[in-house]
Amino acid sequence: MAIPPGRAGGAPAPADPRRTGRRTARRSIRGALAGAAATAVLLGLAVPAAASAAQPAPPLQERRIGAAPTAPADALPADGPADSTPLSLSITLDPRDPGALQSFVTAVSTPGSPQYRQYLKTGEFARTFGADPAAIASVTRALADAGLHPGAPDANGLTIPVATTVGEAKRAFATGFSGYRLADGSTAYANTEAPLLSGAAAGAVAGVVGLNNLVRPHTSHILTDHGAVKPEQPATAVAPAFNGGQPALCADIENWQAAQGKHKFQDYFTPDTLAGVYQKSFAGGGAGSTVAVFALEDYSDAAVAAYQRCFATAAPVSRVKVNGGPTTPVTPDNYLNVGVETELDVETIIGFVPNASVLVYQGPDYTRASWADILAVYQRIVADNRAQVVSVSWGSCEDRTDRAYQQAANLVYQQAAAQGQSVVAASGDYGSTGCFNGDPTRPDSRLSAPDPAGQPYVTGIGGTTINGTPAAPQETAWNSGGGASGGGLSSRWALDNTANYQAGRTAPGFNPNGCPAVQGVSTCRQVPDVSALADSGRGYLISVYAQDRTEYWGTVGGTSGAAPLWAAIIAHANADARCAASGPVGYLNPLLYRLGADALKDVTTGHTNVTASGYSGGLYTAAPGYDMATGLGTPRVDALTRELCAALPQSPAGTYRSTGPTRLLDTRADSSPVAAYGERSLQISGSAGIPATGVTAVILNVTATAPATDGHLTVYPSGGARPDTSNLNWTAGTTVPNLVTVPVGKDGRVTFYNGAWGGVHLLADVQGYYTSATDGATYRPSGPARVLDTRTSGGPVGAYGEVALSSQQLGAPAGARAVVLNVTSTGSQEEGHLTVYPSGDTLPVTSNLNWTRGQTIPNQVIVPLGADGGIRLYNGSWGSTQMVADVFGFLTADGGAAFHTTAPHRLMDSRLGLGTPQGAFTGRQVRRLGLDGGGLLSGARAVVLNVTVTNPLEDGHLAVSPAGRDSGSTSNLNWRAGQTVANMVTVPVGADGALDILNGSWNNADVIVDVLGYYS
């Protein structure tokens, strides 16, 4: 519709390469050291002695970084690599303040800390904890002057990539290279000495990653059997959305298994059986969560599609390739060796949280990936910060893992913790002897913890065997089929005394002499932290390949199944309203070791000694309490979620100030609609009379107009993760307004996200803001009560006419400064708009809602009261319209409740069974929504919600009221059959901490509720 000049005013919408440095003219190392040119070299890397000069250079301050690697005992000498052999290196720098980084991670991960869950936003890490820019510049110059080719620093501000050759590395780092033939027949190389650095580089560089490829990470899965079956439906027949419950195995695959004498729980496990074992309810299926899967191989899209066909899920799965990604595709000849690990990870996650998103970060094939490539995958996952959980099923024994790589990866894991990302990793499949490779003819009987599961900022996931019955499952430490739950004592990592989450826990088999890195620390790192199903004989049933209407399914075990299962559990917790309110769970370990007995099931039987590796007697046994066989135990998911999401921090109390209404955004002004799936940032603090500091949230009337396609809008704090919520919905060509309450980002801005395939124009008028100052207004609940209905009294409001409501008519208490109204226009004769403003003021050039002829449309309004305590409602139309107004409270000078911001998050979605029984509201049905929020919303006097109705079968209206109180004739939003409609709702909370929601239609409709903030 046309919008008068100067006026205008859910549910989901139809759903780097690195730059290398400039290559400088080659100079000989000797020449580089002569005269003034020596200065640049002194900043960097050690080189052979220079030719004599008239003024000899001062002695270099040199040091070798780390130690040269040790070749595996079964490696044989071979020809060394040619000087032309390409190398991909990562030069890792120290953070500018390592102690401050560790202290910050501790603070954001410790309940009760003022910084608890106040995570860094994407892109903040480099500015806050990255290396000093001067150090980066000097090291970069030194690398280039030593004949290397440094690229631009990585996003974390701690890594400089270098593309070079063996010959150049020899000269730059003063080391030789040896060649080896490994036991599997492949060749490898390694530097013979630790890299020698000097000057500024010697003080700033923490390690050089990529100088050897002696060890390659391996997966932690065991495929015990597989077979082919022709399903009843093609693999492409995936359901459009998952509707609730825990995904269950389809009949054709279950019948095929039964024909082979194999049955659920007895011979294999599926998501629904594991949900029973681990006491998990569905509750939304992880909607809004994203899980990253680390991979060093390709996988079969057809296999994942076959799994989703069978389990009737439609989780989005996408690839992110790093350093070129894998080059070996999955084929009919190799599908048992390529892709099974990634398919296990992805499908386990989908099965447990079917409404989550999965991102598969793929590095080069593990057969050719360098340590620098592997590091780059982790760096990309963390720099992107798109996933709240990272699942890792690849690793190596700690003793064999390159030390420079370990140190560099440790910094990446610290960055993940600082950003609120949880990293879980399989603890390995060879028990206490983590270097054993599963081949009895080449045993390696060393006790070794795994990497990365043994890293301090990673949660190590061990394995169990499930016995008993579905009604009474029993678990023991997994040790069968030639594999066992990995774990043990780290020889590399000590836990800082101030952040020692394992303090006081010495598992059976603990030997402080086994961890020489621990000087003066009583507890070194022990692995695993927790466990889950890993038995390869009774493992996870997954699809491993599909081709030509034939699907190949297999049973897979190993801690590679337990790790993604735990990743899915954390994604489930992150999607819980109690956690979503304050951000993701984040760094898990400090929380796990604080949990009560109800959250985890202690596993007390079994051991993890693999006898083929040369040991006997069960070095690490399961026992009451913590042990290095199964860690703290296995999950009781619902209780675990409650505890992980308990004790959430409350945002500071805020008071309200009216301003405007003033237009802050109108994309029509410069003909720049927000692009499809694009964003637009808007400065709030310091604009339109709003102070530059102390602003906690803003109230905007937002209008979408001239949208090219159907879509939705999400408004959220700048710098934060975009929530899985919406504020308004539209169909192509319409104009739709809604009031929005949104926290303001650290930079004083908010972000608008266009969730549509096409562009849309946006308008935003500021109505008021919340501030940490104490002299603003507070909220006094009232109603809901109808104070105006021209259909029953007074008749329609004429063209460009007004209706006045006095303080007495509104029921305003003494000291009231503003009123919270839901206003509705209905029965309009022409298109138009409504403006609500204080009586006695000049009519503003903004609007609160817009309509087309005959449309019924509501919107919430917070409008200041005039000098006489009243307000006026203006019909900006050529024709008459009926007006309805319901009061939901007042903002007063004293005696009210303060406002608290919260990250927008979903409380109810009847489509998914979130916060309510799964399934649409039936006609005239009332459902109760509890608001305990894990303590966040308990005690709230009122809540600010965005309520959306979608899929309505008939026209109707929705009424939200305090639990137990009749909504009377009031309403919050209206719809026509088939429409998706959203509206902001401010509503008092009932005495029992709940709300009642009435579907005022005679037929079904789905209801979605997102919380935007609360008063207490």
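Which strand is the place of P784? In this predicted model, P784 belongs to strand β37, which spans residues 778-789. The sections below treat backbone geometry, the nonpolar cores, individual buried residues, one helix and the cavities.

## Backbone geometry

Most peptide bonds are trans, and most residues other than glycine have a negative phi. The strand residue P784 is joined to G783 by a cis peptide bond, with omega at about 10 degrees. Another cis peptide bond links V527 to P528, where omega is about 0 degrees. P528 is placed in a loop, with β23 (524-527) on one side and β24 (530-533) on the other.

Positive phi values occur at R549 and A688. R549, although not a glycine, has a phi of about 65 degrees, and R549 is found in the loop that connects β25 with β26 (550-557). For A688, also a residue other than glycine, phi is positive and near 50 degrees. A688 sits in the loop from β30 (679-683) to β31 (695-705). Is A688 buried, partly exposed or exposed? Its relative accessible area is 33%, a value between the limits of 20% and 50%, so A688 is classed as partly exposed.

## Nonpolar cores

The largest nonpolar core comprises 165 residues, and the members that touch the most others are I91, F173 and W566. Which helix gives the most to this core? Helix α14, covering residues 559-575, does so with 10 residues. A second core, separate from this one, has 27 residues, among them F921, V947, L995 and Y1014.

The surroundings of I91 can be described in detail. Beyond its neighbours within four places in sequence, I91 contacts F173, itself named with I91 among the members touching the most others. The remaining contacts of I91 on this basis include V139, L143 and L158, then T159, I160 and V162. V205, G207 and V208 are also in contact with I91.

## Buried polar and charged side chains

T164 is located in strand β4, residues 159-165. The relative accessible area of T164 is 6%, which is under the 20% limit, and T164 is therefore buried. What does the side chain of T164 contact through polar atoms? The partner is the side chain of E168, at 2.7 Å. When residues up to four places away in sequence are not counted, T164 touches T85, P86, L87 and L89, together with L148, H149 and A169.

D909 is part of strand β45, residues 899-909. Its relative accessibility is 1%, so D909 counts as buried. The side chains of D909 and R911 are joined by a polar contact of 2.7 Å. With neighbours within four places in sequence left aside, the contacts of D909 are L914, T916, V1007 and I1008.

## Packing of helix α17

Helix α17 runs over residues 637-644 and has V637, A639, L640, T641 and L644 as buried residues. Against which elements do the buried residues of α17 pack? They pack against the helices α11, α14, α15 (577-580) and α16 (589-592), and against strand β28 (634-635). One of these elements, α14, is the helix that gives the most to the largest nonpolar core.

## Internal cavities

The largest cavity encloses about 130 Å³ of space. It is lined by 19 residues, and H218, S427, G428, G434 and P450 are the closest to its centre. Two elements, β15 (394-397) and β17 (450-451), give two or more residues to this lining. β15 gives the most, with 4 residues. By residue class, the lining of the largest cavity has 12 polar, 5 nonpolar and 2 charged members.

The second largest cavity holds about 80 Å³ of space. Of its 13 lining residues, those nearest the centre are P271, Y307, E347, T348 and Y540. The elements giving two or more residues to this lining are α9 (271-277), α11 (340-352) and β25 (540-547). Which element gives the most to the lining of the second largest cavity? It is α11, with 4 residues. Here the lining divides into 9 nonpolar, 3 polar and 1 charged residues. The helix α11 is also among the elements against which the buried residues of α17 pack.

Definitions and conventions
Residues are numbered from 1 along each chain as its sequence is written. This is a predicted model: local features need pLDDT of at least 70, side-chain atom pairs count only at pLDDT 80 or more; totals for chains, interfaces and linings use all residues. Side-chain values use heavy atoms; hydrogens and water are left out. A nonpolar core is a set of buried Ala, Val, Leu, Ile, Met, Phe, Trp, Tyr and Cys residues joined through side-chain atoms within 4.5 Å. Buried means under 20% relative accessible area, exposed over 50%, partly exposed in between (1.4 Å probe, protein chains only). Contact means heavy atoms within 4.5 Å. A polar contact is a pair of N or O atoms within 3.5 Å; within protein, one must be able to donate a hydrogen and the other to accept it, and residues adjacent in sequence count only if both atoms are side-chain atoms. On a 1 Å grid over the protein atoms alone, a cavity is a set of points where a 1.4 Å probe fits but cannot get out, and a pocket is an open set with protein on both sides within 12 Å along at least five of seven lines; lining residues have an atom within 4 Å of a point. Grid points are joined across faces, edges and corners, and a volume is the space filled by probe spheres set on the points. Ala, Val, Leu, Ile, Met, Phe, Trp, Tyr, Cys and Pro count as nonpolar, Asp, Glu, Lys and Arg as charged, and the others, Gly among them, as polar.
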